[in-house]
Amino acid sequence: MADKSTDKPIEVLLQERRSFPPPKSFKKSANMRNAGLFAKAKKDPKGFWAQAAKELEWFKPWKKVLEWDSPWAKWYIGGKLNASYNCIDRHLSNGRGNKAAIIWEGEPGDERVLTYRDIWREVNKFANVLKKLGVKRGDRVAIYLGMIPEIVIAMQACNRIGAAHSVVFGGFSAEALRDRINDAEAKVLITGDGGYRRGGIVPLKRNADEALKETPSIKSVVVVRRIGEAAHVDMHDGRDHWWHDLMADAPMWCEPEKMDSEDMLYILYTSGTTGKPKGIVHTTGGYLTGCHLINKWVFDMKDDDVFWCAADIGWVTGHTHIVYGPMANGVTQVMYEGTPDWPDKDRLWSIVEKYGVTIFHTAPTAIRTFMRWGTEYPQKHNMKSLRLLGSVGEPINPEAWVWYHKYIGGGRCPVMDTWWQTETGHPLISPLPGITTLKPGSATKPLPGVEADVVDDKGNSVPLGGGGYLVLTKPWPAMMRTIYGDPDRYVQTYWSRFPGKYFAGDGAKRDKDGYYWLLGRVDDVMNVAGHRISTMEVESALVDHPKVAESAVIGKQHEIKGQGICAFVTVKAGVDTNSALVDELKAHVAKKIGAIARPDEILFAAELPKTRSGKIMRRLLRDIADGRALGDTTTLADPAVVAKLKEQYEEE
């Protein structure tokens, strides 16, 4: 963002000069290694996206690639297709029917392997179950499950009959589930008797029962038996049905609905900082086209890969990089239930070794946690099968990037740092591993067919080397179409700040090479004595210190400077925290960025408050620092963390 007092681009920016060109061996066999495609796509974006869509199977071809009346887009007009057919059926006719589609591992250690034919059979049967329960084309189905194969089967079954699914993360509360069901007016809820997490039971059915006290649209509930007797669930006669009972005599074939390209595929709710959650609507043809292409190119998916996105399907990452992208490409993938630290902190690396994972995808929050745990955990395991790594969810600190590249990827695996949102459908700014020279901490450049820019307060493009607001200037097929039931909010939220441009709410800078450096949400930018400084850059400087595992930085009210910089820091195992380390870290930040970025306060914390998806809740840290009452904590993974931090801060 520009310094409003001078209207000049910010110059207080963390410098990163390391670079990693594509390994020659990787480049030689990459799915996409033609750098000329960027210019070709820019010159003819409709032609580019038409060619991408032709890689799917359509029941009826489209008549027109795009109708664009900003902010309203329609893609592949008149085309008919079905998502489940493209993710499953077509693989049965091309020799992949007996190929493993999902290798699943439960937290207690139970295992399942489902081939594409297995999934095809289960999806057809459950599609018929949904029909029997009265679900019709255009209806909405809510899904509240843990990470078990049935969640994929349920989603693809919805696709098959033309019903839109609305997945609610299994860690959300009854209240959050209730609100999402009511907004979507879902007819059926699919849940489980429970799930496993860190040796305990997540009471899914109990939470669902609480939510269902105020959800008049729900007519039926389907319950997957995961836990058994230990879950102690109540089944309501006439409303609740066991999954296995309904599936026992369900027919094995269900004709896939011929869906219009613009028919709704799913709703996924994303929480805003204020107001009720937004129901992001994605459509069938555009979303599936983007998912298929981006997974194929960014993750270089090949027929013999074992792909693992270690996300939860309750978030868009799980939709795009578990349910749709990998399955549309016909690859084998790993799914797991539980957490990375149960039964021990090498859980993920044990799974990589056990199944020969070749492509691994996780979040910067997780990577920083792995750093804090130490290198001994990944070093216990042979992970030479890995050939590509991914990062998603928030900007990654350069030092976390380098650690990930060195200790997980063995220094040989390109790291795909991706920028995108629930609203965008798939990554829009990301390297292509066979083409792009990587810079730690940068998502690099927009992908072919994507047009982005960095603009100032007035919407004017900022020259290279400057910072501003990240916008998207042209439509792309997988873009959200609206907020469910609230088109005015869609226009106001995403298209009003810079008319004709999609404003994501994120800040970014571009270096002299045109590489994008994401700075996080614009409300995570501090105004310190007239200088606008990104919290992400100060956090990166802190994590660059060898004793620091993770940091969260916020702006605190300051009588003289307007805002002072307050840092919450988690140190690596075995490090003593004292006043000398505080001074050392302050000096380190000043050296890395400049004296203006020296933190006013540093507080050491055993844990930072995070959502269940792993994002740090800086809003709550601002409440703590400014002495306000704590805001909503319902999405926190562990509410006790923020209460303890508040008590600790008040004692300082």
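**A walk through a predicted model**

Serine 217 is buried, with a relative accessible area of 18%, which falls under the 20% that sets the limit for a buried residue. The model in which this residue sits is a predicted one. Serine 217 belongs to the loop that runs between helix H8 (204–211) and strand E13 (220–224), and, leaving aside residues up to four places away in sequence, it touches Ile181, Glu185, Ala186 and Lys187.

From this loop the chain leads into a sheet. E13 is one member of an open sheet of 8 strands, whose order is E14-E13-E10-E8-E9-E16-E17-E25 and whose pairing is mixed. The edges are formed by strand E14 (240–242) and strand E25 (482–483), each of which pairs on one side only. Within the sheet, strand E10 (residues 188–192) pairs with E13 in the parallel sense over 5 bridges, and leucine 189 stands opposite valine 221 in E13. Helix H6 packs on the sheet, where it touches strand E8 (140–144), strand E9 (164–167), E10, E13 and E16, and the direction of H6 makes about 150 degrees with that of E9. Helix H7 (residues 174–184) also packs on the sheet, touching E8, E10 and E16, with a direction that makes about 145 degrees with that of E16.

H6 and E16 also take part in the surroundings of helix H4 (residues 83–92), which is mostly covered, since 8 of its 10 residues are buried. The buried residues are Ala83, Ser84, Asn86, Cys87, Ile88, Asp89, Arg90 and His91. These buried residues pack against strand E5 (80–81), helix H5 (116–132), helix H6 (149–161), strand E16 (264–270), helix H10 (284–298) and helix H11 (316–329).

Two of these neighbours, H10 and H11, also pack against each other. Two packed helices are described by the angle between their axes and the distance between the axes. The axes of H10 and H11 come within 8 Å and cross at roughly 80 degrees, and the two helices are therefore roughly perpendicular to each other. On the H10 side the contact is made by Tyr287, Leu288, Cys291, His292, Asn295 and Lys296, and on the H11 side by His319, Thr320, His321, Tyr324, Gly325, Pro326, Ala328 and Asn329. By class, the residues of this contact divide into 6 nonpolar, 7 polar and 1 charged. Aspartate 300 lies in the loop between H10 and strand E18 (306–309), and its phi is near 50 degrees, a positive value in a residue other than glycine. At 1% relative accessibility, aspartate 300 counts as buried.

A positive phi is also found at arginine 198, where the value is about 50 degrees although the residue is not a glycine. Arginine 198 is placed in the loop between strand E11 (195–197) and strand E12 (200–202), and with a relative accessible area of 40% it is partly exposed.

Strand E6 (residues 100–105) offers a further view of the interior: 6 of its 6 residues are buried, so the strand is largely enclosed by the rest of the structure. E6 pairs with strand E7 (residues 111–115) in the antiparallel sense over 5 bridges, and the bridge partner of isoleucine 102 in E7 is leucine 114. The hairpin of E6 and E7 has 5 residues between the strands, and in this hairpin glycine 109 takes a positive phi near 110 degrees. E6 is also joined to strand E19 (residues 332–336) by 4 bridges, these two strands running parallel, and tryptophan 104 has methionine 335 as its bridge partner in E19.

Beyond E19, proline 343 lies in the loop that leads to helix H12 (347–355), and a cis peptide bond, with omega about 5 degrees, joins tryptophan 342 to proline 343. A cis peptide bond also joins serine 70 and proline 71, again with omega about 5 degrees, and proline 71 is found in the loop between strand E3 (64–69) and strand E4 (72–77).

Later in the chain, helix H16 (residues 535–543) packs with helix H17 (residues 579–592) at an angle of about 120 degrees, the axes lying 9 Å apart. H16 and H17 are therefore oblique to each other, and H16 passes H17 in a right-handed crossing. In this contact Val538, Ala541 and Leu542 of H16 meet Leu585, His588, Val589 and Lys592 of H17, a set that comprises 5 nonpolar, 1 polar and 1 charged residues.

Terms used: Residues are numbered from 1 along each chain as its sequence is written. This is a predicted model: local features need pLDDT of at least 70, side-chain atom pairs count only at pLDDT 80 or more; totals for chains, interfaces and linings use all residues. Side-chain values use heavy atoms; hydrogens and water are left out. Buried means under 20% relative accessible area, exposed over 50%, partly exposed in between (1.4 Å probe, protein chains only). Contact means heavy atoms within 4.5 Å. Axes are lines fitted to C-alpha atoms, for helices over the stretch in contact, and angles run from 0 to 180 degrees between N-to-C directions. Angles under 35 degrees count as roughly parallel, over 145 as roughly antiparallel, 65 to 115 as roughly perpendicular and the rest as oblique. A crossing is left-handed if the near helix is turned anticlockwise from the far one by less than a right angle, and right-handed if clockwise. Ala, Val, Leu, Ile, Met, Phe, Trp, Tyr, Cys and Pro count as nonpolar, Asp, Glu, Lys and Arg as charged, and the others, Gly among them, as polar. Two strands pair if DSSP finds at least two bridges between them.
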